[in-house]
Amino acid sequence: MPSPRQSLLAARRPGLRPPQDVRQTCVLMFLTAAVYVLLAYHAWTMLDTGVPGAVVTDLWVLLVVSSLVALGLIALALPVRRGGHVLWRAAQFGSVVALGVAVSALHMAARLADTPILVVGLVVAFFAIIVNIALWSTGVRRWCRP
């Protein structure tokens with residue numbers, strides 16, 4: 001019996017190459033993580049520009065949460081490619097959280113009336129929606145189900 005850590009990350013189908021939509025989903029997860037890093041960077045630069053004091057805490061929360069979402073998407077991309085069911089479900093949960101962070105960024109842009117964060121928020125929301133659709137697609141579900 002393999003150790004629990006090894007069984008979570010081990011390939012379920014040795015010698016089989018994952019379908020193309022599974023590989024594309026993993027690439028999308030990496031691209032989405034890069035966009036979330038861009039959102040975190042933009043929140044960081046906004047802190048230096050002198051935003052109102054009531055918004056500083058919200059920007060810090062957006063910075064930390066978007067960084068954590070980026071790390072989570074990167075960490076969960078490979079288990080999806082390997083076909084791990086539990087970690088695929090975790091990736092689905094992480095992508096829903098990522099969508100919530102995108103909505104939060106759009107709300108922050110509306111509160112600040114800031115066009116650059118609105119543009120970054122729209123790009124983040126676009127990628128989050130695509131990753132959510134990709135993780136729930138038929139090919140990925142078929143590959144990751146036990």
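The exercises below work through a predicted model of one protein, each with a solution in steps.

**Exercise 1. Describe the overall build of the protein, and say where the confidence of the model is lowest and where it is highest.**

Solution. Begin with the secondary structure: the protein has 6 helices and 0 strands, and from the N terminus on its elements run α-α-α-α-α-α. Next, consider how the chain packs: of the 146 residues, 40% count as buried, and among contacts between residues at least 6 apart in sequence, 81% join residues at least 24 apart. Then turn to confidence, where the average pLDDT is 85 and 89% of the residues score at least 70. Helix H1 (residues 4–9) has the lowest confidence, with a mean of 52, whereas helix H5 (residues 115–135) has the highest, at 93. Where pLDDT is low, the predicted coordinates should not be read in detail.

**Exercise 2. Find out which residues touch the most other members of the largest nonpolar core, and which helix gives the most to this core.**

Solution. The largest nonpolar core has 44 residues, and those that touch the most other members are Met-29, Tyr-36, Leu-39, Leu-59 and Val-80. As for the helices, H2, H3, H4, H5 and helix H6 (138–144) each supply at least two residues of this core, and H2 gives the most, with 12 residues. To see one member in its surroundings, take Val-80 and set aside residues up to four places away in sequence: among its contacts are Val-22, Cys-26 and Met-29, and also Trp-88, Leu-135 and Cys-144. As background, nonpolar side chains tend to be buried together in soluble globular proteins.

**Exercise 3. Determine how many disulfides the structure holds, and explain the result from the positions of Cys-26 and Cys-144.**

Solution. The count of disulfides is 0. To explain this for Cys-26, look for the closest cysteine sulfur, which belongs to Cys-144 and lies 8.2 Å away; because a disulfide requires two cysteine sulfur atoms within 2.5 Å, this separation is too far for a bond. Cys-144 gives the matching result, since it is in no disulfide and its nearest cysteine sulfur is that of Cys-26. Finally, check the burial of each residue: Cys-26 is buried at 5% relative accessibility, and Cys-144 is buried at 0%.

**Exercise 4. Locate the salt bridge of the structure, and decide whether its two partners are buried, partly exposed or exposed.**

Solution. The structure holds 1 salt bridge, in which the side chains of Asp-58 and Arg-111 meet at 2.7 Å, N to O. The pair links distant parts of the chain, with Asp-58 in helix H3 (residues 53–82) and Arg-111 in helix H4 (residues 85–112), 53 residues apart. For the last step, recall that partly exposed lies between the limits of 20% and 50% relative accessible area. Asp-58 has a value of 27% and so counts as partly exposed, and Arg-111, at 42%, is therefore partly exposed as well.

**Exercise 5. Describe the surroundings of Thr-32 and of Ala-102, leaving aside residues up to four places away in sequence when you list contacts.**

Solution. Thr-32 belongs to helix H2 (residues 20–48), and with a relative accessible area of 1% this residue is buried. Its side chain reaches the backbone oxygen of Leu-28 at 2.7 Å, while the residues that Thr-32 touches farther along the sequence are Leu-73, Phe-127, Ala-128 and Val-131. Ala-102 is placed in helix H4 and is buried, at 0% relative accessibility. The contacts of Ala-102 are with Tyr-36, Gly-121, Val-124 and Ala-125. The C-alpha atoms of Ala-102 and Val-120 are 9.1 Å apart in space, although the two residues are 18 apart in sequence.

**Exercise 6. Say in which loop Ala-113 is found, and describe its phi angle and its exposure; then place Pro-116.**

Solution. Ala-113 is found in the loop between H4 and H5, and its phi is near 55°, which is a positive value in a residue other than glycine. With 69% relative accessibility, Ala-113 counts as exposed. Pro-116, in turn, is found in helix H5 and is partly exposed, with a relative accessible area of 40%. Pro-116 and Met-46 are 70 residues apart in sequence, yet their C-alpha atoms are 9.9 Å apart in space.

Note on methods:
Residues numbered from 1 in each chain as written. Predicted model: local features only at pLDDT ≥ 70, side-chain atom pairs only at ≥ 80, totals over all residues. Heavy atoms only, no water. Helix = DSSP H or I, 4+ residues; strand = E, 2+ residues; numbered from the N terminus. Buried < 20%, exposed > 50% of the residue type's maximum accessible area, 1.4 Å probe, protein only. Polar contact = N/O pair within 3.5 Å; in protein donor to acceptor, adjacent residues only side chain to side chain. Contact = heavy atoms within 4.5 Å. Salt bridge = Lys/Arg side-chain N within 4 Å of Asp/Glu carboxyl O. pLDDT = per-residue confidence, 0-100. Core = buried A, V, L, I, M, F, W, Y, C linked by side-chain atoms within 4.5 Å.
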